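This report covers the strand pairing, the chain totals and a few individual residues of a single protein chain. The sequence and the model come first.

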Amino acid sequence: MSVSRQILQSAMALGLFMSASFGTIITMPAGQAKAAKPEAVTLTGELIDSFCYLSGVMGGPEAVVGTAHHKCALWCAAGGIPVGLLSEDGTVYMILQVEGDSSAAPPPSLFPKMSHKVTVDGEVYRRDGINYLIIRNLSSDAGIVNMTHEDFGVVPPFALPAE
């Protein structure tokens with residue numbers, strides 16, 4: 001089995017695990033656990049592929065953001081890996097839902113915006129050291145502004161488009 005196939009399968013397995021975890025949190029009956037209280041926020045940051053960013057499988061966190069990791073981020077999001085928001089202060093928020101998109105996480109409406117710098121309004125739920133974000137409004141999209149390919153090339157290299 002090729003390394004890229006193993007990485008993709010690992011990424012998809014993590015996505016299923018995280019999706020199942022999110023489902024557990026969302027559907028837990030009242031009274032069994034104290035519900036997390038949401039905090040209204042406005043955040044600016046980059047939409048990231050949470051698996052590659054957090055696991056280090058493709059390199060350090062500086063290599064898996066921006067233009068260097070755009071194609072992989074699209075593939076991972078489409079494959080079920082949770083989309084994250086890396087805020088300007090370096091905090092990662094796992095995006096559970098986007099208003100108006102009834103799909104399960106990751107929300108398909110975010111796929112074309114992977115690696116984009118966005119500003120969102122929403123609610124953050126914090127539990128067990130993880131920040132979960134529900135986006136109520138995506139108020140600005142600056143596109144891809146983080147030009148990391150100049151330093152890191154394309155990560156992973158097989159993500160180069162066919163010529």
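Tyr125 stands opposite Tyr132, which belongs to S5. The model is a predicted one. Tyr132 also serves as the bridge partner of Met94. The strand pairings behind these two positions run in opposite senses: S4 and S5 pair antiparallel, whereas S3 and S5 pair parallel.

The pairings with a stated bridge count are set out below.

| Strand pair | Sense | Bridges |
|---|---|---|
| S1 (residues 39–49) and S4 | antiparallel | 8 bridges |
| S3 and S5 (residues 130–141) | parallel | 5 bridges |
| S4 and S5 | antiparallel | 10 bridges |

In the pairing of S1 with S4, Ala40 stands opposite Glu123 of S4. S4 and S5 form a hairpin that leaves 2 residues between the strands. Asp128 sits in the turn of this hairpin and has a positive phi of about 55 degrees.

Together the strands make a closed barrel of 5 strands in the order S1-S2-S3-S5-S4, and the pairing is mixed. From one strand to the next, the twist averages 55 degrees.

**The chain as a whole**

The protein chain has 4 helices and 5 strands. Read from the N terminus, these elements follow the order α-β-α-α-β-β-β-β-α. The chain holds 163 residues, and 40% of them are buried. Among contacts with a separation of 6 or more, 71% are made by residues 24 or more positions apart. The exposed surface of the chain is about 8600 Å², and carbon and sulfur atoms supply 58% of this area.

**The loop between S3 and S4**

Two residues of the loop between S3 and S4 can be set side by side: Ser115 and Ala104. Which of them is buried, and which is exposed? Ser115 has a relative accessibility of 3% and therefore counts as buried, the cut-off being under 20%. Ala104 has a relative accessibility of 63%, so this residue counts as exposed.

The loop that holds Ser115 runs between strand S3 (92–98) and strand S4 (117–127). Leaving aside residues up to four places away in sequence, Ser115 touches Glu46, Leu47, Gly66, His69, His70, Ala73, Gly143 and Ile144. Glu46 and Leu47, two of these partners, fall within the residue range 39–49 of strand S1. His70 and Ala73, also touched by Ser115, fall within the range 70–78 of helix H3.

For Ala104, a distance to Gly80 is available: the C-alpha atoms of the two residues are separated by 9.4 Å. Along the chain, Ala104 and Gly80 are 24 residues apart.

**The aromatic pair**

The count of aromatic pairs comes to 1. The rings of Trp75 and Phe158 have their centres 6.1 Å apart and their planes at 20 degrees, so the pair is stacked. Trp75 lies in helix H3, while Phe158 lies in the segment after helix H4 (149–152), so the pair ties together parts that are 83 residues apart in sequence.

How accessible are the two residues, Trp75 and Phe158? Trp75 counts as partly exposed at 42% relative accessibility. Phe158 is likewise partly exposed, with a relative accessible area of 42%.

Notes. Residues numbered from 1 in each chain as written. Predicted model: local features only at pLDDT ≥ 70, side-chain atom pairs only at ≥ 80, totals over all residues. Heavy atoms only, no water. Buried < 20%, exposed > 50% of the residue type's maximum accessible area, 1.4 Å probe, protein only. Contact = heavy atoms within 4.5 Å. Phe/Tyr/Trp six-rings, centres within 6.5 Å; stacked < 30°, edge-to-face > 60°. Pairing = 2+ DSSP bridges. Axes fitted to C-alpha atoms, helices over the stretch in contact; angles between N-to-C directions. Areas by Shrake-Rupley, 256 points an atom, 1.4 Å probe, with all protein chains shown as cover.
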